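User: I've just pulled this one up and want to get my bearings before heading back to the bench. Can you walk me through it?

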Amino acid sequence: MRFSTDLISRLRSATHVAVFTGAGVSAESGIPTFRDRQSGLWQNFDAQSLATPEAFERDPAFVWGWYEWRRARVLASQPNAAHRAIALLAERVPRLTLITQNVDDLHERAGSREVLHLHGRICSPYCSACGLEYLAPQPALLEPERGRRLEPPRCGQCGGRVRPGVVWFGESLPSLAWEQAVQAARGCGGFLCVGTSSIVEPAASLTRVAIAAGSVTIQVNIDSTWLDDLVTLNLRGPAASMLPELVAEVWPQA
Ligand code: BV8
Ligand code: ZN
């Protein structure tokens, strides 16, 4: 991977680096991306139509079954070299803000602390009535063929229906996480946009904020996106190999 000396010096002089990740960063851990076709019981649905309050209202057991199947996939997966490279980068720059659209906990399991989850966390379901967090047991579903409808559990405190701990389409993002993400995009000297199709708003606007603020913006993706001509540099390839190389080249071990 070859970077111009100018780009390297601009990135190395950045006192604050922001990393913004999407489903592509967990793809090499075996977690399907959002635009991958659904499998098993859910193969005739696209994730977008399932990730809504209306879908859960209409058929809570079907949607809860999908989330439990996904949660099982997350718990059975391991962080990959991209997650680890981001955790390592946090030790090599004065300040790093990690912003993710992902609902899995692979960044945390790779050692990243203070992860801003803009779209919630699949491992933190909560009561839809009183908000109490629900300590979910190990999920039952492992294979989509065995995927089935599962009645969502009931809250031990108020009997309300437990829901997945994610932000559905049409729901607002957690305000503190969102404000922190915008601040980071505005104030960072380097902004890495990794493994996202940059379709879902308002998260996708963060890269535009960083570009407008004049930071060095690097996109890592196996595919092209509408950001291709707007970022400082496009790294076309899988995050699990591109990110470790990028970190090693630009921010080598002191
Ligand atoms: C809201 C949790 C408003 C659930 C998710 C403008 C402004 C505001 C809202 C909107 C707007 N326009 C439209 C909207 C509505 C909507 C929206 O954005 N719709 C889209 C479809 C146009 N937005 C919302 O509803 C948001 N809410 O703004 O509320 C509001 C205001 C006031 C009052 C009430 C409401 C909420 C959006 C959150 C939805 N929840 N997830 C769940 O997971 O089940 S979003 C979901 O998509 C995931 O979080 C996912 O991360 C995210 C984005 O997708 P990506 O991460 O990019 O994944 P994708 O598969 O698309 O792409 C993967 C990429 O990786 C690809 O580019 C691929 O090439 C690449 N890749 C693959 N493998 C690799 C790789 N790259 C590198 N290496 C690899 N190995
Ligand atoms: Zn409750």
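**Strands, ligand and salt bridges**

Analyst: Sure, starting with strand E6: E6 is mostly covered, with 5 of its 5 residues buried. Keep in mind that this is a predicted model.

User: Which E6 residues sit on which side?

Analyst: Gly190, Leu192 and Val194 are on one side of E6, Phe191 and Cys193 are on the other, and all are buried.

User: Which strands pair with E6, and in what sense?

Analyst: Strand E1, residues 16-21, pairs with E6 in the parallel sense over 5 bridges. Strand E7 pairs with E6 in the parallel sense too, over 5 bridges. For reference, E6 covers residues 190-194 and E7 covers residues 216-221.

User: Got any residue pairs I can click on?

Analyst: On the E1 side, alanine 18 stands opposite phenylalanine 191 in E6. On the E7 side, glycine 190 stands opposite valine 216, and valine 194 has valine 220 as its bridge partner. Between these two strands the chain passes through helix H9, residues 205-212, and this β-α-β crossover from E6 to E7 is right-handed.

User: Now E7 itself. How many of its residues are buried?

Analyst: In E7, 6 of its 6 residues are buried, so by the under 20% relative accessible area cut-off the strand is mostly covered. Val216, Ile218 and Val220 point one way, while Thr217, Gln219 and Asn221 point the other way.

User: What does E7 pair with besides E6?

Analyst: Strand E8, residues 233-236, runs parallel to E7 and is joined to it by 4 bridges. One spot to look at is asparagine 221, whose bridge partner in E8 is arginine 236.

User: Switching topic. Which residues come nearest to ligand 1?

Analyst: Arg35, Tyr67, Arg70, Gly170 and Ser197 come nearest, out of the 37 residues around ligand 1.

User: What about polar contacts to its oxygens?

Analyst: Here are three to look at. A polar side-chain atom of threonine 196 is 2.7 Å from an oxygen atom of ligand 1. For histidine 119, an N or O atom in the side chain is 2.9 Å from a ligand 1 oxygen. With phenylalanine 34 the backbone is involved: one of its polar backbone atoms lies 2.9 Å from an oxygen atom of ligand 1.

User: And how much of ligand 1 does the protein cover?

Analyst: The protein covers 76% of the 1,500 Å² of accessible area that ligand 1 has on its own.

User: OK, salt bridges. How many are there?

Analyst: The count comes to 7 salt bridges. One of them joins arginine 71 and glutamate 68, with the closest N and O atoms 2.7 Å apart. Both residues lie in helix H5, residues 60-75, and they are 3 residues apart, about one turn of the helix.

User: Is that pair buried or exposed?

Analyst: Buried, on both ends. Arginine 71 has a relative accessible area of 4%, and glutamate 68 has 8%. Buried means under 20%, so both residues qualify.

User: What other salt bridges can you show me?

Analyst: Aspartate 105 and arginine 109 meet through their side chains at 3.1 Å, N to O. Aspartate 105 counts as buried at 17% relative accessibility, whereas arginine 109 is partly exposed at 34%. Then there is glutamate 108 with arginine 121, at 3.8 Å, N to O. That pair links distant parts of the chain, 13 residues apart: glutamate 108 is in helix H7 (residues 106-109) and arginine 121 is in the loop between strand E3 (115-117) and strand E4 (126-127).

User: Why do glutamate 108 and arginine 121 count as partly exposed?

Analyst: Because partly exposed runs between the 20% and 50% cut-offs, and glutamate 108 has a relative accessible area of 23% while arginine 121 has 36%.

User: Last one: where is aspartate 36, and what does its side chain contact?

Analyst: Aspartate 36 is in the loop between helix H2 (24-27) and helix H3 (47-50). A polar atom of its side chain lies 2.6 Å from the backbone nitrogen of threonine 33. Aspartate 36 is partly exposed, with a relative accessible area of 36%.

User: And how far is aspartate 36 from serine 9?

Analyst: Their C-alpha atoms are separated by 37 Å, and the two residues are 27 residues apart along the chain.

Methods:
Residues are numbered from 1 along each chain as its sequence is written. Chains are lettered from A and ligands numbered from 1 in the order in which they are written. This is a predicted model: local features need pLDDT of at least 70, side-chain atom pairs count only at pLDDT 80 or more; totals for chains, interfaces and linings use all residues. Side-chain values use heavy atoms; hydrogens and water are left out. Buried means under 20% relative accessible area, exposed over 50%, partly exposed in between (1.4 Å probe, protein chains only). Two strands pair if DSSP finds at least two bridges between them. A crossover is right-handed if, with the strands pointing away from the viewer, the path from the first strand over the helix to the second runs clockwise. A residue is near a molecule or strand if one of its heavy atoms lies within 4 Å of it. A polar contact is a pair of N or O atoms within 3.5 Å; within protein, one must be able to donate a hydrogen and the other to accept it, and residues adjacent in sequence count only if both atoms are side-chain atoms. Accessible areas come from the Shrake-Rupley method with a 1.4 Å probe; for residues, only the protein chains shown count as cover. A salt bridge is a side-chain nitrogen of Lys or Arg within 4 Å of a carboxyl oxygen of Asp or Glu.
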